[in-house]
Amino acid sequence: MKTILVPIALLAGVIISAQEKQDTIKSKEKSIEGVTVTVRKPTVESKVDRTVFNVANSSILAGNTTWDVMRMTPLVSIDNNDAIKAEGESVTVYINDRKSVFTGKELKEYLKTIPADNLMKIEVITSPSSRYEAAGSVINIVLKKRDDEGIKGSVTFNNKQNTKNSQYSNLNINYHKKSFTQTLIGGYSDNTNVQRNSNTYTLYKDNSVQQTTSRTIGRYRSPSVSSTSEFELNNKNTAGVILEYYQSNSITASEAAGITHKNVEFDNSFDQNQTSSGLNRNLGANIFYKFYDKEKNRILDVNTGVNYYGESGDNYFIKNIISTKPSVSKIGILSDTENRNYFLKVDYTQPLGKSGGTFEVGGKMDFNNNVIPNTLYGNNLEGLSTHDIFHYEDNINSLYANYSRKFFDKLETRIGVRYEHIDYRIRQEVSGRSRKDAYGAFLPNILVKYSFSDKYDLSLTYNRNLWRPWYAEFNPFMTPNTDGIYSRGNIDLEPNPSDRLYMKLGILKKYFISARYSFTDQDYWTDYLTEDVGNYKNATIMQESNFSGKVHKYYVFANTNQTFFKNKFTVNLGLGWYYIDNSDFNLKNNLKNNNYINYLSASANLSYTNLFNKNINLSAWLEVSNQNNGNSTTNKPNIFHNISATKIFPKTQMEVSLQLMNIFQRPNYDATTYSQGGYVRSISKWDWYGASISFVKRFGNQKVKENTKTDVEKNGGGGK
């Protein structure tokens, strides 16, 4: 930790000292001249229901993708399975208030196609209103909206050196003429990633211990293009079309080895080689219409669209098992996934007379039709189903209403309720397994904020949430994986309801102290089972399983955002303390995990604009985080850091950026997952380290405005 903080502190000290001297000299030379103060939004804003990461003018954008910036967003963490979390809990991702249809690795690949240069801000909404869908916290990615006349845009070239070398290029064109705006974004990336994993599976039965190691190299070549056409019919009506396409060609190779002991005696060992190739495509179309009466603050927003995701792949495993009966297993997996999503969403906002209240109402119809065929081939398929087609279909209908009002200029309130009903059907064609289910849920939320003065305020929010399993987590078809074990879904998974109470104290608009309590009594988490698979006895199988039991989580967080040197130097610091009571959860599931877990988290975002008045922007980011989820406990914290410098050439509209990622310590994931039959310690070394250099050429007028929002949407208390 010290090796990271000391160089950053020294660098900051030298920069600040030098800048102070230069500013002092210039102030003496121009002591008679007037002082111009430039007002900029703070890098991090803490609002009643959300934390806003304003990145529009940050040097971290150059050469990065939206996925890269997401990693550096306060309160956000990304685990070893590429799942995005806010304050340690699962989130739903929106882009310009439109819910993304992707999650997990699919969402990662999609966000990597959106250049960070298009980002306005990232909103981490920890207390979302009923307007948002059932899941817990929300991350809303807000993109820039350009309204200056003519053609403008940028070209980006990036080269990144991790374990292997990767390249990324992007072309961004925007055209605006009177009432018509057209944006076109095209990109191509050629990335090579290296992942190292080691796992120790300890099973209580027979005192069995299996140790595995693996190394995977993957190359991904990904073209993408997106188009947004927007036409202002008049000063109140706007219509448009959004088209998105993304493709990825992947080739991966992995090597794995493992050894198993029972009662300290050798039982078996294996080595495995795997090669795979795949092609996936994402295609989305969204037609929208917006009515906005600025005088009366009324808004009608209608969105309808379709999204398609297709993936075809061929994975081939050669596994050499050494035991009392040695064997060579050759298994291939052919898959051809097709997912279709259709939706219609309507939102309406209406002020209510002279009372100062605002009423929001809306609803959404969502249809999903997903098909996943899997076929196994090879010389040793005993104990495995060789072919099946998995179908998942659902229809989610939802209605919501919010009422917001401010009383005597000090008390802000919001009360809302959302009702969601899901009807879903799951079936396997060959095995005949099926499930048909339906349920509805009322999800209330309440927000109260009292301002004692313009310097002190206190807010309190309550939310009821519901997190549903992802379609692929239901698929029970069993396949080998790169670590030498097997994995499958679970057709019997149930949703996870939870309750959250959140309080925040604001002091001088710079210091914020928040406390959160959340509760759940059922959830689904990663589980490890043992079964005989062909000639391989007691094979380890990973799947998601239902867990019952009460879990209480407590969280205290302190945050401050400071600016110095005429708003040139911005510092955001955060420190959090977590306490988790898993005693009932462990007892009911017979888990030998810690009943009580507590740990610290910390983050820092530093940025300096126009260093020495030479158009040099600096930024640094540091995060210390833990990933304790359900039946998994972190063994040691992760430390991430990033330092970047950008030189801007105004006359030629060129930018050059150098970025150093985790150069002092390579990040890794180290956690133990407990199940009824034993526990698994997993260690992963991530490839997110090294250096990158980016070149950006801009053209045209780069004037930017925020996406149009009503007063209610801009205000944290009415939070959209």
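The exercises below go through the fold of one predicted chain, each with a worked solution.

The model is predicted, so local features need pLDDT of at least 70 and side-chain atom pairs count only at pLDDT 80 or more, while totals for chains, interfaces and linings use all residues. Residues are numbered from 1 along each chain as its sequence is written, and side-chain values use heavy atoms, with hydrogens and water left out.

**Exercise 1. Overall form**

Task: State how many helices and strands the chain has, and compare its radius of gyration with that of a compact globule.

Solution.
- Step 1. The chain holds five helices and 35 strands. Both are DSSP runs numbered from the N terminus: H or I over at least four residues for helices, E over at least two for strands.
- Step 2. The radius of gyration is taken over C-alpha atoms, and the globule rule is 2.2 Å times the number of residues to the power 0.38. For 720 residues the rule puts a compact globule near 27 Å; the chain has 26 Å, which agrees.
- Step 3. The C-alpha trace spans about 90 × 55 × 50 Å along its principal axes.

**Exercise 2. Surface, burial and charge**

Task: Give the buried share of the residues, the accessible surface and the separation of the mean charge positions.

Solution.
- Step 1. Buried means under 20% relative accessible area, exposed over 50% and partly exposed in between, with a 1.4 Å probe and protein chains only. Of the 720 residues, 54% count as buried.
- Step 2. The accessible surface, from the Shrake-Rupley method with a 1.4 Å probe (for residues, only the protein chains shown count as cover), comes to about 31,400 Å². Carbon and sulfur atoms account for 57% of this surface.
- Step 3. Lys and Arg count as positive, Asp and Glu as negative, and His and the chain ends are not counted. Each charge is placed at NZ of Lys, CZ of Arg, CG of Asp or CD of Glu. The mean positions of the 86 positive and 71 negative charges are 7 Å apart.
- Step 4. A contact means heavy atoms within 4.5 Å. Among contacts between residues at least 6 apart in sequence, 66% join residues at least 24 apart.

**Exercise 3. Cores and helix α3**

Task: Find the residues with the most contacts inside the largest nonpolar core, then explain why helix α3 is largely enclosed.

Solution.
- Step 1. A nonpolar core is a set of buried Ala, Val, Leu, Ile, Met, Phe, Trp, Tyr and Cys residues joined through side-chain atoms within 4.5 Å. The largest has 57 residues, and V69, M70, I84, L111, L119 and I141 have the most contacts inside it. Strand β26 (residues 536-564) gives the most to this core, with four residues.
- Step 2. Another core, of 15 residues, lies apart from the largest one; among its members are L376, L381, M478 and Y536.
- Step 3. Helix α3 (residues 104-111) has six of its eight residues buried, so it is largely enclosed by the rest of the structure. The buried ones are E106, L107, K108, E109, Y110 and L111.
- Step 4. Leaving out residues up to four places away in sequence, L111 touches T65, T66, W67, M70, I84, I95 and I141.

**Exercise 4. Two asparagines**

Task: Is N307 buried or exposed, and is N64 buried or exposed?

Solution.
- Step 1. N307 sits in strand β15 (residues 298-322) and is buried, at 9% relative accessibility.
- Step 2. N341 is 34 residues from N307 in sequence, with 5.0 Å between their C-alpha atoms. Beyond four places in sequence, the contacts of N307 include V101, L283, N339 and N341.
- Step 3. N64 belongs to the loop between β2 (50-54) and α2 (66-71). Its relative accessible area is 3%, so N64 is buried.
- Step 4. Beyond four places in sequence, N64 contacts V69, M72, P115, A116 and Q659. The C-alpha atoms of N64 and I114, 50 residues apart along the chain, are 9.2 Å apart.

**Exercise 5. Positive phi**

Task: State where L75 and N297 lie, and give the phi of L75 and of N297.

Solution.
- Step 1. Most residues other than glycine have a negative phi.
- Step 2. L75 has a positive phi, near 75°. L75 lies in the loop between α2 and β3 (76-78) and is buried, with a relative accessible area of 18%.
- Step 3. N297 has a positive phi of about 60°. N297 lies in the loop between β14 (265-293) and β15, and at 12% relative accessibility it counts as buried.
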